[in-house]
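Q: Hey, can we go through this protein together? I'd like to start with the whole thing and then zoom in.

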Amino acid sequence: MHLARFPRHHFAHLPTPLEPMKRLSEHLGGPNIWIKRDDCTGLAGGGNKTRKLEFLMADAVERGADTVITQGATQSNHARQTAAIATKLGLGCHILLEDRTGMEDADYNYNGNVMLDQLFGAPLTKFPAGTDMNAAMEQMAEELGESGKNPYIIPGGGSNEIGALGYVNCALELLTQANDRSLRIDEVIHATGSAGTQAGLVTGLAASNSRIPVLGIGVRAPQDAQESNVFKLCERTADFMGIPGSVKREDVRANCNYVGKGYGFPAAGTIEAIELFANLEGILLDPVYSGKGAAGMIDLIRQGHYSKHQNIVFLHTGGAQALFGYRTAFDFPSYD
Ligand SMILES: *Cc1c(COP(=O)(O)O)cnc(C)c1O
């Protein structure tokens, strides 16, 4: 496996730290919980999309693109990171936002990631929930093409076989860090959505024969659909890398019991997880992804899923910028 064969622009701050969370581990009575800080990838607040964009943006530049188009939900972290790196590379960036939640709160619609998209100068277009966003991106690409631009479409979440290479690389990085400190990892847990993060990690960990299991905590789709999306992308990624068949279907595991009311709606457990991480570790999670991932991990620990002496790694995929779009999800006292 030699990732240097693929075009890549280096702008992420790597390696991201791998740190113990002693107080959270004590509070929950074990296992030893470690955190891989992909919220610290360095691009405009960081997050998991930055690793994918290193490969996607290099591909766009190599194809002579002058503009990128991408899509996501209103508080998309992927949109923010794409808009940021587009400015640095001197590319235009059009963002299509799908109003998946229908929330009318002004903070949700204009603060957090949306405010940052606008700060980076990316034109935003809003679409109703259920729009075929891929078709909408194709149509915009056609229009931009007719006006003389050379647009490049980045799929939602940066999740295709090119973007997934960023998480193949993360798997190698994590293995090196664990080997260097003799940390035996029993499981990696993270929030899974558009599938690129999990597909890249699973492919990298399988291709290196690490035998480290990965558990994705779903934020949207039911388990069957989520696992099959991730597995399909594992297969495409492995083919793309020239190592077909390296991932088995049983390597892909998702638990989708923590979605709550739906994508973008924090459940009670999500809020509890955000508050626990904040109050015990000083770490910011988000209400859409990492808060749900952490809620799943915490609940599995409470159910006795792990023994005291095991080591698990929570991959923090970022997203705290969305907190500012969700002020009303928290019940803080007034102070005047
Ligand atoms: C996009 C995102 C995820 C999910 O990653 P996928 O590769 O889309 O599965 C998790 N956490 C955060 C904060 C994200 O922005």
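Here is a short chat about the overall fold and then one residue.

Q: What kind of model is this, anyway?
A: It's a predicted model.

Q: Cool. How many helices and strands are there in the protein?
A: The protein has 11 helices and 10 strands.

Q: And what radius of gyration does the protein have?
A: It comes out at 19 Å. A compact globule with 336 residues would have a value near 20 Å, so the protein agrees with that. Along its principal axes, the C-alpha trace spans about 60 × 60 × 35 Å.

Q: How much of the protein is buried?
A: Buried residues make up 57% of the 336 residues.

Q: What about the area the protein exposes?
A: That's about 14300 Å², and carbon and sulfur atoms supply 49% of it.

Q: Switching to charges: how many positive and negative side chains are there?
A: There are 29 positive and 37 negative ones. The centres of the two sets lie 5 Å apart.

Q: OK, zooming in. Where is Gln226?
A: Gln226 is in helix α9, which covers residues 223-240.

Q: Is Gln226 buried or exposed?
A: Gln226 is buried, because its relative accessible area is 2% and the cut-off for buried is under 20%.

Q: Which residues does Gln226 touch, leaving out those up to four places away in sequence?
A: Thr192, Gly193, Ala221, Ala254 and Cys256.

Q: What joins the side chains of Gln226 and Thr192?
A: A polar contact of 2.9 Å. In sequence Gln226 and Thr192 are 34 residues apart, while their C-alpha atoms are 8.2 Å apart in space.

Key:
Residues are numbered from 1 along each chain as its sequence is written. This is a predicted model: local features need pLDDT of at least 70, side-chain atom pairs count only at pLDDT 80 or more; totals for chains, interfaces and linings use all residues. Side-chain values use heavy atoms; hydrogens and water are left out. Helices (H or I, at least four residues) and strands (E, at least two) are DSSP runs, numbered from the N terminus. Buried means under 20% relative accessible area, exposed over 50%, partly exposed in between (1.4 Å probe, protein chains only). Contact means heavy atoms within 4.5 Å. A polar contact is a pair of N or O atoms within 3.5 Å; within protein, one must be able to donate a hydrogen and the other to accept it, and residues adjacent in sequence count only if both atoms are side-chain atoms. The radius of gyration is taken over C-alpha atoms; the globule rule is 2.2 Å times the number of residues to the power 0.38. Accessible areas come from the Shrake-Rupley method with a 1.4 Å probe; for residues, only the protein chains shown count as cover. Lys and Arg count as positive and Asp and Glu as negative; His and the chain ends are not counted. The place of a charge is taken as NZ of Lys, CZ of Arg, CG of Asp or CD of Glu.
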